[in-house]
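Subject: Structure handover

Dear colleague,

Here is the structure I promised to pass on. Please open it next to this email as you read.

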Amino acid sequence: MRTIAVAMAKGGVGKTTTAVNLAHGLALAGKRVLLVDCDTQAQTTTFLGISPPHGLYEFITGHDGNGRTILKKEAIHSARQNLWVLAGGIKLVELKNWLGEQPREHRHAILHQSLAPKNNGLDYLIFDCAPGWDVLSVNILMAAKEVLCPVALQGPALEGLKTFFGYLVSVQQLNKSLRLKYILPTMFDRRTRQSHDIYNRLRRLFRKQICNPIHHNVRLCEAPVVGQSIFEFADSASGAQDYRKLAERLIDDGIRQQEHPRVL
Ligand SMILES: Nc1ncnc2c1ncn2[C@@H]1O[C@H](COP(=O)(O)OP(=O)(O)OP(=O)(O)O)[C@@H](O)[C@H]1O
Ligand SMILES: [Mg+2]
């Protein structure tokens with residue numbers, strides 16, 4: 001199973017759009033995917049048009065906050081064929097408080113322990129991270145092996161990246177298997193010089209990690225309004241083509257990794 005955190009401390013760069021459409025793209029390609037919403041805004045589930053009764057809070061604590069025991073399998077919601085979701089939302093505020101109260105020496109590894117693979121039959125575990133940085137962000141990066149970092153090709157994009165890398169390096173000291181695997185340029189507007197400039201700089205800086213850009217596409221903003229992935233809403237839109245390509249790249253990398261484990 002591959003564990004991928006879609007993460008970037010800066011807000012509004014396309015993390016949820018990427019996590020949801022990548023997860024559904026992989027599911028449509030026949031992979032079994034668990035998508036974890038790590039944000040109090042509950043955007044992941046909103047984007048998919050679902051509102052599960054339980055989620056990550058119950059999955060980790062084992063109860064619903066009102067004294068009722070919740071089994072792990074009850075916390076996981078089936079969202080689409082091959083796609084399951086652990087919902088986030090406002091209860092994650094309580095979860096962060098709870099995590100903060102745990103003994104310092106193991107509070108950062110609690111999510112990792114809860115999710116430890118038990119022949120669950122999953123191919124991908126994808127975390128949709130919240131902006132900012134807190135005890136839950138650390139838990140996610142302790143549980144992940146790969147980071148996919150979306151960078152919006154507008155504004156001071158590279159500054160946000162530098163801050164985020166500082167966080168990443170601090171977690172890598174605790175989780176040695178964590179790798180910055182993908183840099184995903186998002187909201188690429190081919191008409192603006194700024195988009196091209198930032199994209200070219202990213203290509204020079206991250207030769208191995210750089211992905212084909214996700215173009216700015218209004219269909220990607222419209223799809224979540226009706227609770228659909230881009231493949232359900234507008235399968236021939238450029239946004240669908242871009243996210244399909246991204247899913248294919250991840251699948252290809254997985255195959256290569258199995259064939260040549262030391263190359264990647
Ligand atoms: N390629 C794109 N083209 C056009 N709009 C996009 C694209 N990607 C994302 N958006 C829009 O930009 C906004 C922010 O995207 P999204 O919610 O995915 O970012 P985020 O990084 O998850 O934000 P947050 O940090 O608040 O969690 C949304 O309205 C989304 O629909
Ligand atoms: Mg988001």
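Below are my notes on the ligand site, one helix and two loop residues.

Please keep in mind that this is a predicted model.

**The ligand site**

Start with ligand 1. Its shell consists of 18 residues. G12, K15, T16, T17 and N217 are the closest of them. By type, the shell divides into seven nonpolar, nine polar and two charged residues.

Two helices each supply at least two residues of this shell: α1, residues 15–28, and α10, residues 218–222. The most comes from α1, which gives three residues.

Three polar contacts are worth a look on screen. The side chain of K15 places an N or O atom 2.8 Å from an oxygen atom of ligand 1. V13 uses its backbone instead: an N or O atom there lies 3.0 Å from a ligand oxygen. At H215, a polar backbone atom is 3.0 Å from a nitrogen atom of ligand 1. As for cover, ligand 1 taken alone exposes 630 Å², and the protein buries 83% of that.

**Helix α5**

Next, go to α5, which spans residues 91–101. Which of its residues are buried? They are L92, L95, K96 and L99. These four sit on the same side of α5, because they cover an arc of only 100° around the axis. Note that a lysine, K96, is in this buried set.

What do the buried residues of α5 pack against? Their partners are one strand and three helices. The strand is β2 (33–37). The helices are α3 (56–61), α6 (110–115) and α7 (135–143).

**Two loop residues with positive phi**

Last, two backbone angles to check. N82 is not a glycine, yet its phi is positive, at about 70°. This residue lies in the loop that links β3 (77–80) and β4 (83–86).

M187 is the other case. It is not a glycine either, and its phi is positive at about 55°. Look for M187 in the loop between β7 (179–186) and α9 (193–205). Is M187 buried, partly exposed or exposed? Its relative accessible area is 24%, so M187 counts as partly exposed; the cut-off for buried is under 20%.

**Where to look**

For a quick tour, begin at K15 and its side-chain contact with ligand 1. Then turn to the buried side of α5. Finish at the loops that hold N82 and M187.

Best regards

Note on methods:
Residues are numbered from 1 along each chain as its sequence is written. Chains are lettered from A and ligands numbered from 1 in the order in which they are written. This is a predicted model: local features need pLDDT of at least 70, side-chain atom pairs count only at pLDDT 80 or more; totals for chains, interfaces and linings use all residues. Side-chain values use heavy atoms; hydrogens and water are left out. A residue is near a molecule or strand if one of its heavy atoms lies within 4 Å of it. A polar contact is a pair of N or O atoms within 3.5 Å; within protein, one must be able to donate a hydrogen and the other to accept it, and residues adjacent in sequence count only if both atoms are side-chain atoms. Accessible areas come from the Shrake-Rupley method with a 1.4 Å probe; for residues, only the protein chains shown count as cover. Ala, Val, Leu, Ile, Met, Phe, Trp, Tyr, Cys and Pro count as nonpolar, Asp, Glu, Lys and Arg as charged, and the others, Gly among them, as polar. Buried means under 20% relative accessible area, exposed over 50%, partly exposed in between (1.4 Å probe, protein chains only). The arc is that of the directions from the helix axis to the C-beta atoms. Contact means heavy atoms within 4.5 Å.
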